[in-house]
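Trainee: I am new to this structure and should like to understand the terms used for it. May I see it before we begin?

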Amino acid sequence: MFFILLGAPGAGKGTQADIIVKEMSLPHVASGDLFRHALKNGTELGKQAESYMKAGNLVPDGITIKMILERIAQPDCNDGCVFDGFPRTLDQAKALDAALEKQGKSIEKAIYIEVPESALLDRLTGRFVCRTCQTPYHKKNSPPKKEGVCDKCSGELYQRADDKEETIKERLKVYFAQTMPLLDYYNKKGRLFRVNGNQHIDQVGKDIVKFLRGLKQKK
Ligand code: AP5
Ligand code: MG
Ligand code: ZN
């Protein structure tokens with residue numbers, strides 16, 4: 001089963017991905033994490049993506065689609081995966097549908113984490129991410145047990161370069177212009193599930209798990 005996590009920057013895609021991955025035993029495929037990993041390792045892909053990410057713009061579709069299709073060609077994605085941050089444009093969504101269709105597969109659900117714009121800035125400026133496993137934390141909403149250290153892997157926590165107010169504003173603009181139309185795209189296909197992301201992290205997770213268990217029962 002292939003799932004997509006949709007939502008604005010800071011909506012909680014990375015936070016909730018963890019829960020879905022465990023519930024469904026599927027790998028987590030996060031485009032932003034893949035780009036940041038490439039950047040850290042100084043690969044060609046990282047160099048191609050760097051200037052776009054720094055400015056809060058989208059990396060061009062050609063580069064992004066190629067990266068994702070290569071990732072899901074790996075054997076751990078045979079039975080599906082949880083996409084986080086991909087697709088983000090209509091062309092990406094169509095390319096993904098076409099690639100899956102060739103293998104007789106399709107998107108099960110796009111889970112849209114709905115959060116009012118006014119809540120996003122605080123979430124992103126207060127966020128710290130693990131350098132090693134990319135788990136997101138928040139200084140108030142979801143602090144680690146020990147300051148600066150990841151609960152899961154003891155990795156170092158850092159602030160993402162694009163979590164500066166100016167860049168966040170650009171990312172939000174890009175989201176509303178280029179990614180919002182995907183809601184309509186998946187809704188028309190009967191594939192959209194909306195969850196209220198403006199609740200406590202645990203409650204958002206519970207709502208998603210309830211939905212997923214319902215899906216499994218129907219299978
Ligand atoms: P990406 O890494 O995907 O960033 P994003 O979409 O901007 O989303 P975020 O990771 O910022 O937010 P999130 O929804 O994961 O929130 P989180 O769970 O961390 O992309 C980065 C860049 O890479 C893009 O700008 C682009 O350049 C490039 N890129 C990536 N994919 C691409 C694509 N497909 N095409 C082209 N370019 C692409 O939570 C945020 C914070 O809030 C955390 O601190 C968390 O603890 C807290 N929080 C979470 N849930 C709650 C809650 N319910 N209540 C209170 N606090 C909460
Ligand atoms: Mg994320
Ligand atoms: Zn970690």
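Trainee: How do the residues of the shell around ligand 1 divide into nonpolar, polar and charged?

Mentor: This is a predicted model, in which local features need pLDDT of at least 70, side-chain atom pairs count only at pLDDT 80 or more, and totals for chains, interfaces and linings use all residues. Residues are numbered from 1 along each chain as its sequence is written, ligands are numbered from 1 and chains lettered from A in the order in which they are written, and side-chain values use heavy atoms, without hydrogens and water. The shell holds 13 nonpolar, 16 polar and eight charged residues; Asp, Glu, Lys and Arg count as charged, Ala, Val, Leu, Ile, Met, Phe, Trp, Tyr, Cys and Pro as nonpolar, and the others, Gly among them, as polar.

Trainee: What makes Cys130, Cys133, Cys150 and Cys153 donors of the zinc ion (ligand 3)?

Mentor: Donors are N, O and S atoms within 2.8 Å of the metal (3.2 Å for Na, K and Ca). The SG atoms of these four cysteines lie 2.3 to 2.4 Å from the zinc ion, so they qualify.

Trainee: Why is the site of the zinc ion (ligand 3) called tetrahedral?

Mentor: Four donors count as tetrahedral if all angles lie between 85 and 135 degrees. Here the angles among the four donor atoms are 98 to 117°, so the site is tetrahedral.

Trainee: Why is cysteine 130 called buried?

Mentor: Buried means under 20% relative accessible area, exposed over 50%, and partly exposed in between, with a 1.4 Å probe and protein chains only. Cysteine 130 has 0% and is therefore buried; cysteine 150, at 2%, is buried too.

Note on methods:
Tetrahedral: all angles 85-135°; square planar, octahedral: opposite > 155°, others 65-115°.
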